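Please examine the model below before reading on. The paragraphs after it proceed from the overall fold to selected local sites.

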Amino acid sequence: MILGRPPLLYRGIRPSSLTVVRRWMSSYDPSDFQFGGAGFSSRVDTDTPTFGPLGDAPSGLNRLTPRALKQHLDRFVVGQNRSKRILSTAIYHHYKRTQQLQQRQEEQDELLRSSQAVGAQTLDEEFPHQPRTVHVPPKGDRSSIHDFTPLTIEKSNVLCLGPTGVGKTLMLRTLARVLEVPFSMSDCTPLTQAGYVGEDADVCIHRLLAAANWDIRRAESGIVCLDEFDKIAKPKSPNGSKDISGEGVQQALLKIIEGTTLQINTKPERRPPAGLPNSPNGSNSSFGAGMAGGGAAKGETFTIDTSNILFIFTGAFIGMQKHIIDRVAKGSIGFNAHVRGSSVDELAEDQELMKELTPFFSSSVEEADEADDESGTKARIKKRKFNPLELTEPSDLISFGLIPEIVGRIPIIAAVESLDEEMLVRVLTEPRNALLKQYTELFALSGVELRFTSPALRQIAKSAIAMNTGARGLRTVMERILSDAMFDSPGSSIRHVLVTEAVSKRECPPIYFARGQQHVFHSMIATEEEEWAVKTEGKKNSTTGTSGTTLGSGSGRGQPGRKRVAGFT
């Protein structure tokens, strides 16, 4: 163009043409080239959104990090810090591996397309009747073998073990919602050896392929979670029959975990017979046509490679503590040997042993105990609570019933810890979908306000601990307490429901309040909270810990409140 050339190139142009160019340049207005009200600038504004074809393109570096995944888990799962770190790191590395493999595949596809587009022109086509060139390798390179394949990062499967109801499955389901890779969860209980009644071992890959919307490339970089993995352990004392649901399933899972090519056959889509309602031929067909049947669509076959699929195994592994104690207690035999405990609690209380075995990565929580110092005052001493499952070794898994071949394919072991009273109270209140928030919203749908006092939450946590079902026991206790309130509140004059400590102990039904009794409702909550604060402070300051008489009248106040609104319908 004329405008982009130096002035020396204008010599061959007539003066009249130069006059037109000068007039056009003088009439130039920068506002004619503004986009969205902003003209040309040397500054790049990264805060404003990008419009146009690049609006959906990712900007900046990828923000998915192990720390970000753990912070996301903290919003839904209480405690389990060590397990969160292990799972977040494993899934992050798998995410980066899939990105690297996808980038390499795209580069290979691009090279293949470019080579096909340009085409390889032979020497005979370019220079006909010429002898072909023969490349002779040097004498020193004839015996050498060169492998130019890129570095391959192998996957690291994960085993997450611990008691039931502590958040193993919840952590995986929570991470699955934020990942961009397919995720499937299967139960190992119905799995059997091929040829027997039950599900085959490759059903987990079938579900992963369905989760990927039958996209083979996406499914080959997905994540498979096998829950109840401890249920396929081989029995301790075989009765002579073939173990088709234990060791047989483990043998079938070996090649799938390591990496193999599977043929996944989809079931044909069955259609209703012709002549029946909702049939393709309508309902006015003849009886003979209806007897002929509608036929079935032909199923498809998918070939999928499991080499890059990440496997995560979860299970309660009840009795694993005994194998750990037996292994650790072997060193306590002898005259000068330290006598170690014979139970899980005694082993966890052995501070020196646990510090020796878990020097730096323990996922324990800190407890505060009170003791007298030299001046006679009460001092808070912090001690650590250890999880014996963190000492799990491959030998413990083999003695539990897993075969060595499958144990060697699971290099990462993450142990979750049981929930105590304090953690169960946090489960009730802190997570994003906490039970307290769920029931509060459930009552709010009927125009009823539901409130719990602090001692009531503590009592609910104690009742859940007695059930030995982990956090799942909290819902059972809540249903028992609120069953009458959920029946009486909808469609009545009840506007407020209060659950006190006496109600949580099931000494009296929930306390109802009608419209206009809001001040009584809040005053009762404030009274019980004050008494609970005094009781808690008294436990901290008292040496005997028997200052629990301040809340003795709490169980007697629930019944008058019930009588005050006994006439509600």
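The account that follows moves from global quantities to a helix, a single threonine, a cavity and the cysteines.

The model is a predicted one, and its local features should be read with that in mind. The protein contains 21 helices and twelve strands. Of its 569 residues, 34% are buried. The accessible surface amounts to about 35400 Å², and carbon and sulfur atoms account for 53% of that area. Contacts can also be viewed along the sequence: of those between residues at least 6 apart, 69% join residues at least 24 apart.

Helix α15 offers a local view of packing. This helix spans residues 421–429, and its buried residues are Met423, Leu424, Val425, Val427 and Leu428. An α-helix has 3.6 residues a turn, so residues three or four places apart point the same way. Against which helices do the buried residues of α15 pack? Their partners are α16 (435–444), α17 (454–467) and α18 (472–488).

A second helical site is found at Thr174, which belongs to helix α5, residues 168–178. Thr174 counts as buried because its relative accessibility is 0%, and the cut-off for burial is under 20%. Leaving aside residues up to four places away in sequence, Thr174 touches His72, Leu73 and Phe76.

Attention may now turn to enclosed space. Rolling a probe the size of a water molecule over the atoms shows where empty space is left. How many cavities of 30 Å³ or more does a search of the whole structure find? The search finds one. The largest cavity holds about 50 Å³ of space. Its lining consists of Arg97, Gln100, Leu101, Arg104, Leu151, Thr152 and Ile153. By class, the lining residues of the largest cavity comprise three nonpolar, two polar and two charged. The nonpolar members are therefore Leu101, Leu151 and Ile153, the polar ones Gln100 and Thr152, and the charged ones Arg97 and Arg104.

The cysteines complete the tour. The structure holds zero disulfides. Cys225 takes part in none, and the nearest cysteine sulfur, belonging to Cys188, is 8.6 Å away; a disulfide would require the two sulfur atoms to be within 2.5 Å. Is Cys225 buried or exposed? Cys225 is buried, because its relative accessible area is 1%, under the 20% cut-off. Cys508 also counts as buried, with a relative accessibility of 9%.

Definitions and conventions
Residues numbered from 1 in each chain as written. Predicted model: local features only at pLDDT ≥ 70, side-chain atom pairs only at ≥ 80, totals over all residues. Heavy atoms only, no water. Buried < 20%, exposed > 50% of the residue type's maximum accessible area, 1.4 Å probe, protein only. Helix = DSSP H or I, 4+ residues; strand = E, 2+ residues; numbered from the N terminus. Contact = heavy atoms within 4.5 Å. Areas by Shrake-Rupley, 256 points an atom, 1.4 Å probe, with all protein chains shown as cover. 1 Å grid on protein atoms, 1.4 Å probe; cavity = no way out; pocket = protein on both sides within 12 Å on 5 of 7 lines; lining within 4 Å. Points joined across faces, edges and corners; volume = space filled by probe spheres on them.
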